[in-house]
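Fancy a few warm-up exercises on reading a fold from its atoms? Grab your viewer and try each task before you look at the solution.

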Amino acid sequence: MKLYYSPGACSLSPHIALEEAGLPYEAVLAPTKTKTLPDGSDYRKINPLGYVPYLVLDDGTGLPEGPAIVQYIADQAPAKKLAPPNGSLARYRLQSWLNFIGTELHKGFGPLFNPASPDEVKAAAKERLATRLKWVDEQLAGKTWLMGDDFSVADGYLFTVTNWAKPMQIDLSPYPNLVAWRARVAARPAVQAAMKAEGLLG
């Protein structure tokens, strides 16, 4: 498999999932600004949308969209328990988390990354994110991971998105459960490996 990624972007989530799953893969740098791959070719010829992540399977099939990619990865290594079994209520809870992270948090950071966003738009985005982060913090009370005892692909996605808080000047200290959870995620060898591969560790 080939994972097309950009350092620190949302593609870190499937990068973590691949490391956690222990599956063989190749990580290919796909800069989101230039769209030019290391070999000089146009990334949009592989993924017409031009963004990351994008997973190319062994048979050449392309799979876009992070939440779908991480579930595919998890299902290739069921013994790792990165996702509950398909059809179970727990699997739908996982999908609920992935959707929440994608729509309420991931997209919530969008205005902050856009240099054209007016200050009042950025302030409103931060206020909205604060309410969502407070809710996440409450959900993590008494839990090791988002889904309970097992680290899941939702943990990898939430970790990736909350990594953006620091560069966007969002203080996470009001959310102690989230801060403690982030420390647990960051300490995992697979997470360390993915971040090192993307040049995100000092």
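What follows is a set of exercises on a predicted model, each with a worked solution.

**Exercise 1. Work out how strand E1 pairs with its neighbours, and what H1 adds to the picture.**

Step 1. Start with E2: E1 pairs with E2 in the parallel sense, over four bridges.

Step 2. Pick out the residues. Leucine 3 has alanine 27 as its bridge partner in E2, and tyrosine 4 stands opposite valine 28 of that strand.

Step 3. Now look at E3, residues 54-56, which runs antiparallel to E1 and is joined to E1 by three bridges. Here lysine 2 has valine 56 as its bridge partner.

Step 4. Add the helix, and you get a right-handed β-α-β unit made of E1, H1 and E2.

**Exercise 2. Decide whether helix H1 is mostly covered or mostly open, and find what packs on it.**

Step 1. Go through residues 12-21: nine of the 10 are buried, so with under 20% relative accessible area as the cut-off for "buried", H1 is mostly covered.

Step 2. Check who is on the list. Among the buried residues are Leu12, Ile16 and Leu18, but also Ser13, His15 and Glu20.

Step 3. Look for the cover. It includes the strands E1 (2-5) and E2 (26-29), along with helices H2, H6 (153-162) and H8 (189-197).

Step 4. Finish at the end of the helix: glycine 22 follows H1, and its phi is positive, near 75 degrees.

**Exercise 3. Find the salt bridges and say how accessible the partners are in three of them.**

Step 1. Search the whole structure, and six salt bridges turn up.

Step 2. Take arginine 44 and aspartate 42, whose closest N and O atoms are 3.1 Å apart. Arginine 44 is partly exposed at 42% relative accessible area, and aspartate 42 is also partly exposed, at 27%.

Step 3. Go on to arginine 91 and aspartate 75, which form a salt bridge with closest N and O atoms 2.9 Å apart. Arginine 91 sits in H3 (residues 89-106) and aspartate 75 in H2 (residues 66-76), so this pair ties together parts that are 16 residues apart in sequence. Arginine 91 is buried, with 2% relative accessible area, whereas aspartate 75 is partly exposed at 33%.

Step 4. Try the pair glutamate 138 and lysine 134, with 2.7 Å between the closest N and O atoms. Both lie in H5 (residues 119-139), four residues apart, about one turn of the helix. Why does that spacing suit a pair? An α-helix has 3.6 residues a turn, so residues three or four places apart point the same way. Glutamate 138 is partly exposed at 41%, and so is lysine 134 at 48%.

Step 5. Look for shared partners: Glu104, Arg128 and Arg132 are joined into one network by their salt bridges.

**Exercise 4. Describe the surroundings of serine 117.**

Step 1. Place the residue: serine 117 is in the loop between H4 (110-113) and H5.

Step 2. Buried or exposed? Serine 117 has a relative accessible area of 12%, so it counts as buried.

Step 3. Follow the side chain of serine 117, which reaches the backbone oxygen of proline 111 at 2.8 Å.

Step 4. List the contacts. Leaving out neighbours within four places in sequence, serine 117 touches Pro111 and Lys122.

**Exercise 5. Map the nonpolar cores and name the best-connected members of the largest.**

Step 1. Keep the background in mind: in soluble globular proteins, nonpolar side chains tend to be buried together.

Step 2. Take the largest core, which has 52 residues; Ile101 and Leu178 touch the most other members.

Step 3. Ask which helices supply it. H1, H2, H3, H5, H6, H7 (176-186) and H8 each give at least two residues to this core.

Step 4. Zoom in on leucine 178. With neighbours within four places in sequence left aside, its contacts include Leu133, Val136, Leu140, Leu158 and Leu172, plus Asp137 and Thr162.

Step 5. Look for a second core. Apart from the largest one lies another, of nine residues, including Tyr4, Ala9, Val28 and Val56. Tyr4 and Val28 should ring a bell: they stand opposite each other in the E1 and E2 pairing.

Key. Residues numbered from 1 in each chain as written. Predicted model: local features only at pLDDT ≥ 70, side-chain atom pairs only at ≥ 80, totals over all residues. Heavy atoms only, no water. Salt bridge = Lys/Arg side-chain N within 4 Å of Asp/Glu carboxyl O. Buried < 20%, exposed > 50% of the residue type's maximum accessible area, 1.4 Å probe, protein only. Contact = heavy atoms within 4.5 Å. Polar contact = N/O pair within 3.5 Å; in protein donor to acceptor, adjacent residues only side chain to side chain. Pairing = 2+ DSSP bridges. Right-handed = clockwise from strand over helix to strand, strands pointing away. Core = buried A, V, L, I, M, F, W, Y, C linked by side-chain atoms within 4.5 Å.
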